[in-house]
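I opened the model to look up how its interior is packed, and then how a few of its helices and strands are arranged. My entries follow in the order in which I looked.

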Amino acid sequence: MISIVIPSKNEKFLQSTILDILEKATGEIEIFPVLDGYTIPEEEKVKDSRVKYILAAPKSYSQKRQAINTVVNKHAQGEYVMSVDAHCMFAKGFDEQLVKDHFQPNLVQVPRRHRLDAENWSLQPQCDDRPPIDYEYIMFNPLLVKNEGLHGFKWDERTLTRQHIPIDDILTFQGSCWFMTKKWFQERGFMDVKYQGWGQEAEEISFETWKNGGRVVVNKNTWYAHLHKGQKYGRMYFLSKEENRKSYEYSYDLWIRKNKEFFINLIERFMPLPGWPENWKEKIWKL
């Protein structure tokens with residue numbers, strides 16, 4: 001079984017996401033939508049024994065980490081756990097494909113990411129030559145040198161040059177969908193609330209996994225499509241800039257300062273990264 005958690009805060013497409021998962025999953029699943037400080041009308045709830053809504057009391061901050069922790073540590077019955085945003089569409093049989101390809105216990109998988117047209121609930125028509133999102137890199141300047149945190153960005157060049165590799169190592173990912181065993185999640189203590197917010201979720205999972213002998217991979221044998229809200233939809237909820245700042249600050253201190261050698265080795269493993277100068281170590285640590 002896969003236990004799927006969907007953290008939600010005033011999400012317009014929560015119901016569509018749940019119905020899509022129920023339609024596309026071909027194996028045994030359970031779904032936990034976590035309503036972060038809000039309720040939905042009874043008629044909007046999906047009536048299915050596999051769907052179990054959880055209500056989180058209102059707080060002044062985003063409770064995405066707390067929501068995932070609550071589900072994984074208190075409710076999940078599955079051997080595998082998965083987190084998805086409340087505005088995603090999936091490939092048929094995505095669940096069984098991820099289980100089939102889970103070749104080691106300390107593995108984190110991220111399905112190939114497409115772009116969602118949420119209004120029509122379909123893949124977004126491509127008006128250009130943008131590929132799907134398989135890889136992301138950490139942006140360098142000025143974010144790292146100004147101690148503003150670790151930010152991922154789509155890496156089209158790597159997507160194109162490594163398109164022949166169905167399952168491949170990745171440096172980081174967006175955070176809108178990930179899959180692993182419940183045992184690995186609990187062993188590593190993911191969704192650490194010291195990050196103070198939902199920011200840096202992907203960096204926490206990927207770096208912690210690489211540091212402790214695991215692997216983080218993109219699985220191109222299946223896919224999901226994620227909505228970019230943009231100006232059309234907006235965030236749909238308030239997100240404190242101070243909350244984000246604290247999350248970035250904690251992540252920077254943990255990975256750049258306290259785990260310097262690990263960070264150097266990880267970055268060098270994926271070099272060259274777009275926009276990273278040859279003297280990147282000198283610039284970050286002012287050697």
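**Core packing**

I looked first for the largest nonpolar core, which has 51 residues, and those with the most contacts inside it are F263, W276 and I284. For this I took a nonpolar core as a set of buried Ala, Val, Leu, Ile, Met, Phe, Trp, Tyr and Cys residues joined through side-chain atoms within 4.5 Å, where buried means under 20% relative accessible area, exposed over 50% and partly exposed in between, with a 1.4 Å probe and protein chains only. Helix 9 (residues 260-270) gives the largest share of this core, six residues; helices (H or I, at least four residues) and strands (E, at least two) are DSSP runs numbered from the N terminus. Another core, of 26 residues, lies apart from it and has I2, I21, I31 and L35 among its members.

This is a predicted model, in which local features need pLDDT of at least 70 and side-chain atom pairs count only at pLDDT 80 or more, while totals for chains, interfaces and linings use all residues. Residues are numbered from 1 along each chain as its sequence is written, and side-chain values use heavy atoms, with hydrogens and water left out.

**W276**

Leaving aside residues up to four places away in sequence, I found that W276 touches I138, M139, F140, L144, F263, I267, M271 and I284, contact meaning heavy atoms within 4.5 Å.

**Helix 8 against helix 9**

I then checked the axes of helix 8 (residues 241-257) and helix 9, which come within 6 Å and cross at roughly 85°; axes are lines fitted to C-alpha atoms, for helices over the stretch in contact, and angles run from 0 to 180 degrees between N-to-C directions. Helix 8 is therefore roughly perpendicular to helix 9, a label for angles of 65 to 115 degrees. W255, I256 and R257 of helix 8 meet K260, F262 and F263 of helix 9.

**Strand 6 and its partners**

Strand 6 (residues 107-117) is mostly covered, with 10 of its 11 residues buried. I noted that strand 6 pairs with strand 12 (residues 215-226) in the parallel sense over nine bridges, pairing requiring at least two bridges found by DSSP, and that P111 stands opposite N219 in strand 12. Strand 6 and strand 7 (residues 122-123) run antiparallel and are joined by two bridges, with L123 of strand 7 as the bridge partner of L116. The hairpin of strand 6 and strand 7 has four residues between the strands, and in it W121 takes a positive phi near 45°.

Notes. Parallel < 35°, antiparallel > 145°, perpendicular 65-115°, else oblique.
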